[in-house]
Amino acid sequence: MKNVEHYKKGYFMPPAVDMSWTQKEYPDKAPIWCSVDLRDGNQALIIPMSLEEKIEFYKVLVGMGFKEIEVGFPAASETEFEFLRYLVDHDMIPDDVTVQVLTQAREHIIRKTFDALKGVKNAIVHVYNSTSFAQRQQVFRKSKEEIKQIAVDGAKLLQRLTDEAGANFRFEYSPESFTGTEPEYALEVCNAVLDVWKPTADRKAIINLPSTVQMSMPHVFASQIAYMSQNLKYRDNVILSVHPHNDRGTGVADAEMAMLAGADRVEGTLFGNGERTGNADIVTIGMNMYALGVDPGLDFSNMPKLVETYERVTRMHVHPRQPYAGQLVFAAFSGSHQDAIAKGMHFRQENNEQYWTCPYLYIDPHDVGRTYDADVIRINSQSGKGGVGFIMEQNYGIDMPKKMREDFSYFVKEVSDHKHQELKPAEIYDVFQKNYLNAETPLKVEDFSLKKKGDKWVGKVLVRANDEEVVLEGAGNGQLNAVSNAVCKAYGIEFSNLVYSEHDLDRDSDSRGIAYFGLTDKAGHTTWGAGVDTDTITASIFAFMTAINRMDGMAQRVKFRALKSTPDTITAFKATSGQH
Ligand SMILES: CC(=O)SCCNC(=O)CCNC(=O)[C@H](O)C(C)(C)COP(=O)(O)OP(=O)(O)OC[C@H]1O[C@@H](n2cnc3c(N)ncnc32)[C@H](O)[C@@H]1OP(=O)(O)O
Ligand SMILES: CC(C)C(=O)C(=O)O
Ligand SMILES: [Mg+2]
């Protein structure tokens, strides 16, 4: 980067302050939140929101529990002015909600703002002027005294117009570009404004310190806030507010550390919309508190709806990796993550855990209206048996033996790898069905019969092989054993390490069961099969035959042996079948 010598820090360190706030781990209560979506967020949009869009967004903010909402800059445009009038005329400001309006510290702008406020019961009039070194030097070309005077004059006019209106509006002052302002000077200006307003316990004033342009690391911003908090006049009657932007990508951290350092209030927007890189994201700040067990006092429980409305009315997009809200923020594609999540979910169920401790998921996706099925475990070529097994269990109630899951996961991986895409649950089930379920080649079970003779079972299986029908017969200690012996003897099959399990497919209305078989051949290769039927023994035979069919060299073996029964044998079998 060839121009690095063009840069140096643009902020000023505050004089030494009490830094004991650095010992706090996290804010232990929610701040007063103020949404500036409809003002700072709106002024940063390519196409600012229309009246209808602002109304819809406003309703969402009220519904979430915001008690202070900056509804606009009424002097900026007709839409901004009309929006506030609409809220007043349609009685849309609940008694416990205070609307806030922003104005420059200029007389005609302030007067226009007060025109918009007629009839409003609870309002915060927010006045600002820039105080930074750069703005004093380049924009205003005024001395520190002259800049302070702009603030004082603005403060006086707010007081006068409020008195004239017989209103009880509250006031907020922002030394805009605070982060580029010498802290001692910012303090001097804010104290001068407070001397005009003389805030009381009944009518507190808000001093709002913006990182209009973020310039430092969060601990520097927080120490500037600590300095202001510890030195402001009328401190008990001042609500100290912060308004971080995100130029360095640490808007959230600025807000969080500022709260530790003394801030009582946070201005920000949903999903961090706002000028340039945005404002502090209130969703993330609030959810960060929630995840540490502190109630943020705002309702984020239907995040998908929040995202949908936000994207529609602002025409902005929530990034898939946006904390708590992005499409992919709960998704685990990688095998080891999926395995741990699936085990974590089981552990939670089994142990009735009070606290959320599931690996890889910072919060329970359900708490923000997300689902495990669609949002958490997602399958691609990076996935493993844990994730694939979880999907099959969650979506289809299929709980394969552990080793079968592993075998299955390689099929799934291969399909995903070749298609070069994510596989949805239905596609994963399709892979299962094609590879494991009721396989009918080279041997198709057409019927079977089982009879007890003494302490043995005799099994007869009618199979179709090479397009011929053949009745196979065998005996064994159990029913399956009899069938297995019949088939293995006929085709000279040997296997060991038989794995068997079965369970109900409880999601099925016709109460079908599923059975699984794993067989290991002489070369040590294990093949798996599954069978589904309303009858357990039938399901088991299908599973067994699928595993047999999938053994190495079965097709050649069946072809080579070319077994077939006489028509008489088949007729005789059919006459006695259906007795299982
Ligand atoms: C960091 C922030 O987000 S601050 C909020 C920024 N948001 C907006 O500006 C959106 C709404 N603003 C607007 O629509 C317009 O700026 C208006 C209607 C408010 C004012 O419009 P205009 O008067 O035409 O223009 P503009 O805002 O550029 O005014 C510049 C003048 O105001 C002065 N000024 C700017 N801000 C302030 C302030 N906060 N207090 C006092 N004077 C100010 C400038 O020094 C400049 O003075 P000059 O005319 O002597 O050179
Ligand atoms: C008006 C002020 C508070 C502002 O938006 C900023 O400085 O970012
Ligand atoms: Mg701002």
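## Exercises on a three-domain predicted model

The centres of domain 2 and domain 3 sit 31 Å apart, going by C-alpha atoms. Keep in mind that this is a predicted model.

**Exercise 1. Work out how domain 2 and domain 3 meet, and what kind of residues domain 2 brings to the contact.**

Start with the bounds: domain 1 covers 23-314, domain 2 covers 335-435 and domain 3 covers 444-576. Next, count the residues in contact: eight from domain 2 and 11 from domain 3. Now sort the domain 2 side by class, and you get four nonpolar, one polar and three charged residues.

**Exercise 2. Decide whether the protein is a compact globule or more spread out.**

First, take stock of the secondary structure: there are 20 helices and 14 strands. For 580 residues the globule rule gives 25 Å, but the radius of gyration is 36 Å, well over that, so the protein is more spread out than a compact globule. The box filled by the C-alpha atoms can go alongside: roughly 115 × 55 × 45 Å along the principal axes. Then look at burial, where 45% of the 580 residues count as buried. Finish with the contacts that have a separation of 6 or more: 67% of them join residues 24 or more positions apart.

**Exercise 3. Find out how confident the predictor is.**

Go residue by residue to begin with: the average pLDDT is 96, and 99% of the residues score at least 70. For the complex, the predictor gives an ipTM of 0.97 and a pTM of 0.89. A general caution applies: where pLDDT is low, don't read the predicted coordinates in detail.

**Exercise 4. Describe the shells around ligand 1 and ligand 2.**

Ligand 1 has 17 residues around it, and the closest are Phe73, Ala76, Gln104, Ala105 and Asn129. Which elements give two or more residues to this shell? They are α1 (37-43), β4 (123-130) and α5 (133-140). Split by class, the shell has nine nonpolar, four polar and four charged residues.

Now turn to ligand 2. Its surroundings are Asp40, Leu102, Tyr128, Ser174, Glu176, Asn208, Pro210, Thr212, His243 and His245. Two strands, β5 (170-176) and β6 (205-211), each put in at least two residues. By class, this shell comes out as three nonpolar, five polar and two charged.

**Exercise 5. Place leucine 102 in its surroundings.**

You've just met Leu102 in the shell around ligand 2. Locate it on strand β3, residues 98-104. Buried or exposed? The cut-off for buried is 20 or more other C-beta atoms within 10 Å; leucine 102 has 25 such neighbours, so it counts as buried. Skip the neighbours within four places in sequence, and its contacts are Arg39, Glu70, Phe73, His126 and Tyr128. One of these, Phe73, is also among the closest residues to ligand 1. For a long-range view, try isoleucine 514: it is 412 residues away along the chain, with 66 Å between the two C-alpha atoms.

**Exercise 6. Explain why helix α9 can be called largely enclosed.**

Check burial along residues 251-261: 11 of the 11 are buried, so the rest of the structure largely encloses α9. The run of buried residues includes Gly251, Asp254, Glu256 and Ala261. What covers them? The cover includes β6, α8 (218-231), β7 (238-244), β8 (265-268) and α10 (282-291). Last, step past the end of the helix: glycine 262 follows α9, and its phi is positive, near 130 degrees.

Technical notes. Residues numbered from 1 in each chain as written. Chains lettered and ligands numbered in written order. Predicted model: local features only at pLDDT ≥ 70, side-chain atom pairs only at ≥ 80, totals over all residues. Domains from an automatic or database assignment. Contact = placed C-beta atoms within 7 Å. Nonpolar A, V, L, I, M, F, W, Y, C, P; charged D, E, K, R; others polar. pLDDT = per-residue confidence, 0-100. Helix = DSSP H or I, 4+ residues; strand = E, 2+ residues; numbered from the N terminus. Rg over C-alpha atoms; globule rule 2.2 N^0.38 Å. Buried ≥ 20, exposed ≤ 12 C-beta atoms within 10 Å, placed from the backbone. Near = placed C-beta within 6 Å.
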